[in-house]
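Open the model in your viewer and keep the selection panel at hand. This tour goes from the whole assembly down to single residues.

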2 protein chains.
Amino acid sequence: MADTVIVFELKDRDGLARIGTIETKRGKVTTPNLAPVLHPIAQEITAREMKDRFGVEIVMTNSYTIWRSDSRQRALEQGLHRLIDFDGPVMTDSGAFQSHVYGGADVTNQEIVAFQRGIGSDFGAVLDIFSEPEHNRHRVEADMGETLARAREAAALRGEMNLIGAVQGGLFADLREKCARELSHIDVAIHAIGGVVPLMESYRFRDLVKVIIAAKRGLGPERPVHLFGAGHPMIFALAVLLGCDLFDSSSYDKYARAGRMMFADGTRHLEEMESLPCDCPACSNHSVEDFRQDVKLLARHNLFASFSELKTVRNAIKTGELWELVERRCRSHPTLLDALRELRRHADFLQEFEPASRPSAFLYVGPESIHRPGLQRLRKLLQTRYSPPSKGTLVIFPEGPKPYARRREWEIEAISHRCGAQMIVKSALGPVPIELDELYPFSQSIVPEDLDIETLEASDVFTQQYVRAHGYAQGFTWSGPDTLGELPKAGDGGKPDWDMMRVRAVADVQFGRGSADALLGGKIEFVKSPNTDRIRNVIRDGKHILSMRAHDGMFSLKVDGGRLLHRAFTPPVLRVVVETETAEFNRQGKNVFAKFVLDCDSELRPGDECLVVDQKDELAAVGRLFMTRGEMLAFERGVAVDVREGVPPPP
Amino acid sequence: MADTVIVFELKDRDGLARIGTIETKRGKVTTPNLAPVLHPIAQEITAREMKDRFGVEIVMTNSYTIWRSDSRQRALEQGLHRLIDFDGPVMTDSGAFQSHVYGGADVTNQEIVAFQRGIGSDFGAVLDIFSEPEHNRHRVEADMGETLARAREAAALRGEMNLIGAVQGGLFADLREKCARELSHIDVAIHAIGGVVPLMESYRFRDLVKVIIAAKRGLGPERPVHLFGAGHPMIFALAVLLGCDLFDSSSYDKYARAGRMMFADGTRHLEEMESLPCDCPACSNHSVEDFRQDVKLLARHNLFASFSELKTVRNAIKTGELWELVERRCRSHPTLLDALRELRRHADFLQEFEPASRPSAFLYVGPESIHRPGLQRLRKLLQTRYSPPSKGTLVIFPEGPKPYARRREWEIEAISHRCGAQMIVKSALGPVPIELDELYPFSQSIVPEDLDIETLEASDVFTQQYVRAHGYAQGFTWSGPDTLGELPKAGDGGKPDWDMMRVRAVADVQFGRGSADALLGGKIEFVKSPNTDRIRNVIRDGKHILSMRAHDGMFSLKVDGGRLLHRAFTPPVLRVVVETETAEFNRQGKNVFAKFVLDCDSELRPGDECLVVDQKDELAAVGRLFMTRGEMLAFERGVAVDVREGVPPPP
């Protein structure tokens, strides 16, 4: 595929959500971002004010409106940027939305693409066919074919202009995914998910979620994803969580004209307010009465609320709290709650992007929280990677919210002494083997004491799944000292080595089954924190192979640990493969850039520890993944692996 | 009890939450409100800025700090207001909180009350004894006795100064209630719930809820309730919902010094932020770096966030959306969710203040929503007041979120034709008799399609309770046309008069069992809306007796309807009894003021229709309750009943 003139780079991320930069010849755009729609001629808030006061980095305007107006010639002569008085990057729409509203646009794709190019649009849109939610499959499929054909036609005409190509497909998930997949092979700079305005207008947020996820399944990861016509801050957090990078909307203005104030938790009518419950610069020192008389004030508030929410979303990506934010925002309206409850059905896809841990604690928000894809994955790993110390007898502690096994010290000792049973704590998050009680998010979680029934039932189910997966001979639920008497006598009376059990368990869950055996042979010593008595470093035969991170209870890999894993597992396990020439830089401790990555273990997730190897599978470095496999293979720019330590070249 | 020099008046309300005004000789204070704590000498944000920039109406300062400082004499000479440079009303604390922090204060109650009076405090605090959450019952009870004794002592010393008396009682609900009840008989102007700071500091919000409710059960309604030391906006909505009117706190400043930003949904550390996700005047045009260097900026943000949340809360009271707001805010932290889940256990008390309908739709926020006390009361009324048209056969429509029976028209006709069964819709909110499907909140509710298990199970339980309460002979769950064949053939084939059934059902639920018989004898005609075909007016023998409100499906009572109810029910049912002399004003259509009310039917709730009668039980007017019985008997000021129509005096 041909090069576009923009560069999109990933700066930070949380799951599918990403903070990125789009570099254009007219300046940088940080994503997620909103391109406010400017009327090309009659601007309620001027382009200059947008830039100076709101820090707007990119705007959207409608090329079709210009094309139809008497400014057409002037736009071609002066150029778009002078016409609208904005010197940053400008996206233009093509008239496709007008065809949704008015049932047709009297312009061809060729004409409008050429016109956008002619007036110097930075991002010109293809004239796609807008599929309405009520269109049948036959019609949607045909229109989707036409949309793609027009995107190809536009790609041949675009010249230096970047294209915005639309994903259509109506409500048919397979068509959306197919359209997205085909669009990824066409030379467009921005992937836009189209045809969603009717869903948002009628609060069909569950359908919106299905549409976005279907599109994301098909789209390549290396281009910004735009959600056409989305401009209400109440959906920003959710849409960003699902991987949308850009929004555009004239809603700030349309809502203002209807006397409606936008907030991150919904819309309020001016009529129902006596005072403005907002301190944004538009609201400060103004009254409801002022707002009723000056629509511009309200439009400004709506823009402030939109950009404020984008800042909140970006902060949440950085602190790892985006899921919590989304779950809270989705309590603003029952239809958003439906959208939230839809997410658990797409965990297969969402978990591919989920980090094993986050910088912030796991806060329970509602019965949806325990179905977050990261937790779903962790529960799976506990079934597939972790090997319990005993398969004979299982003791289940029916503990409440926090699975701090350490609080149960005497019980654990007694059980262990009697029969060496495997012990797990049944928590809201799922069953927690007691050796893993410091693993994220188990000990970094806050859960209410009084759980709702859905969560309690789910906790039962998770525990049953665990028990089945490991095939225990006997199971007991701990209900106090009496339970001890019921347990079979099978222990040797020895005190188990809890430190070793913990380290083995974490190693297998984090790096894969067999890692504990590979890493923990030889003479093992633990360096512990003098304050907390927690394991900090693992030393094997005098060499520091692993560090245990305090904030998530997982390991950071040292080179000597990496060597052991490298020897134990055959490719592609735990590997990121780079071009042999560039591996030399990684050996010096420099990061791995995406453009030099040839392959990557598909089981690795952002945040995971990995082995950087060259084309001959020689270990060059150990580090931590920043990108998914798909991303590092697709992106031309940016860091794929943060290298912790390089491995000196073999002599 | 002696008169205090302030007047507290109720302006608006939603359940226990109230918007009021406190009139003092130094100006009006609108409640709910926050009195920021000002250091008497070293003010981070000056009193002047508080007033001019933040619109602060009342401040709190610590008289004990002044008393111990070298400003003591100056305060006595200049007066408190000049000392701190604030000319509005000032509350002073007594040193009781210092005794919590430092374990004692070297001043007596007499000394500090006299000192507060001497420096001209508007609201001086009694030196109460701060009970810690861990204190045992014996100690708490003794300290509570001392706290009350000191309040009595202070009352004798107060002179012209208003007193703040504290409700203590630790975590013992019965002691809190007892203390509150006794305090209500002491001459204090403000009731303050004390000893709660340790609960808030350790996120024990469930205990905080229990403490506030216990206090509110004992307190008279006519004085403002202050929550001592509460200043985090994350608890404002919840505390106001439970009837707290005033807050004070130095948190805005303390949090600022610790680099913590307050938001209505929690606290964020400056460290974890790259940009300020806030547009308040303190944050606008400033960076995180500025905030790190200037603690005053952060303190300002914290104050803006606090007052902004108060405005949000006040708007929610006005629009009837406070429950929704609280349920959303309580999703900010799992411990707040626990507090929210506690509320359903106090429905017996909370429902006493609940209006039958609200101006806004019922939005489902989570499994807690269906336990709101108003819904609990409505479900009870459907069991006790409503008489189903048939007791023989019951058909249950297992409908989803919205119980719009009208969508099932053909089924209803067929069932009715076959056996005249009672039909109900099983909804998340509870069982809805089909004649009542336009009653608030049934048709004014928005509920997700995909409900959580707790809600579904509760819906089952509510339906079972209904079935048991009405003792049906046979019950059927509708599962399509097959069900029709299973129903006993008992109908007369006639078409039921749905309009009449609806009107009868609403009358009984709204005014009490027997109201339908009383109101709907004679020749009844309905005036319907030409657009919606809904009943608007009910005419009996040519007289307009009732109007049906479009927004909640309930009746407004006309004088002729009032006469019928007055005749049918003996006192005190539906009555508000006023002094005979003042009844003349009500006969002219003027509102009923609380000070003239002698008694009121305790079953009436704010928003209910009522009969205004004089001391001889002569009907003087019909109107709508604004206050509860307790309030109209206690308040000296304000409207108790909005009179709709006066009844001319008997000739």
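The stops below begin with the two chains and end inside one sheet; the model is a predicted one.

**Both chains.** Colour chain A and chain B separately. Superpose them: chain A lies on chain B with an RMSD of 0.0 Å after a turn of 180 degrees, with a shift of 0.0 Å along the axis. The two copies are thus related as by a two-fold rotation axis.

**The axis.** Which residue of chain A comes closest to the rotation axis? Select Cys280(A): its C-alpha is 2.5 Å from the axis, the closest approach in chain A.

**The interface.** Now show the interface residues of both chains. Of those in chain A, 100% are also interface residues in chain B, so the copies meet through the same surface.

**Strand S4.** Move to chain A and select residues 33–38, strand S4. Is this strand largely enclosed or largely open? Five of its six residues are buried, so the rest of the structure largely encloses S4(A).

**One neighbour: S11.** Add residues 246–249, strand S11 of chain A. S4(A) and S11(A) pair in the parallel sense, over four bridges. Zoom in on Leu34(A): its bridge partner in S11(A) is Phe247(A).

**Another neighbour: S5.** Next, select residues 59–62, strand S5 of chain A. S5(A) also runs parallel to S4(A), and two bridges join them. Pick Leu38(A) and look across to Thr61(A) in S5(A), which stands opposite.

**The crossover.** Finally, add helix H1 of chain A, residues 47–54. Follow the chain from S4(A) over H1(A) to S5(A): together these elements make a right-handed β-α-β unit.

How values were computed:
Residues are numbered from 1 along each chain as its sequence is written. Chains are lettered from A and ligands numbered from 1 in the order in which they are written. This is a predicted model: local features need pLDDT of at least 70, side-chain atom pairs count only at pLDDT 80 or more; totals for chains, interfaces and linings use all residues. Side-chain values use heavy atoms; hydrogens and water are left out. Copies are superposed by least squares on the C-alpha atoms of residues with pLDDT of at least 70 in both. Contact means heavy atoms within 4.5 Å. Buried means under 20% relative accessible area, exposed over 50%, partly exposed in between (1.4 Å probe, protein chains only). Two strands pair if DSSP finds at least two bridges between them. A crossover is right-handed if, with the strands pointing away from the viewer, the path from the first strand over the helix to the second runs clockwise.
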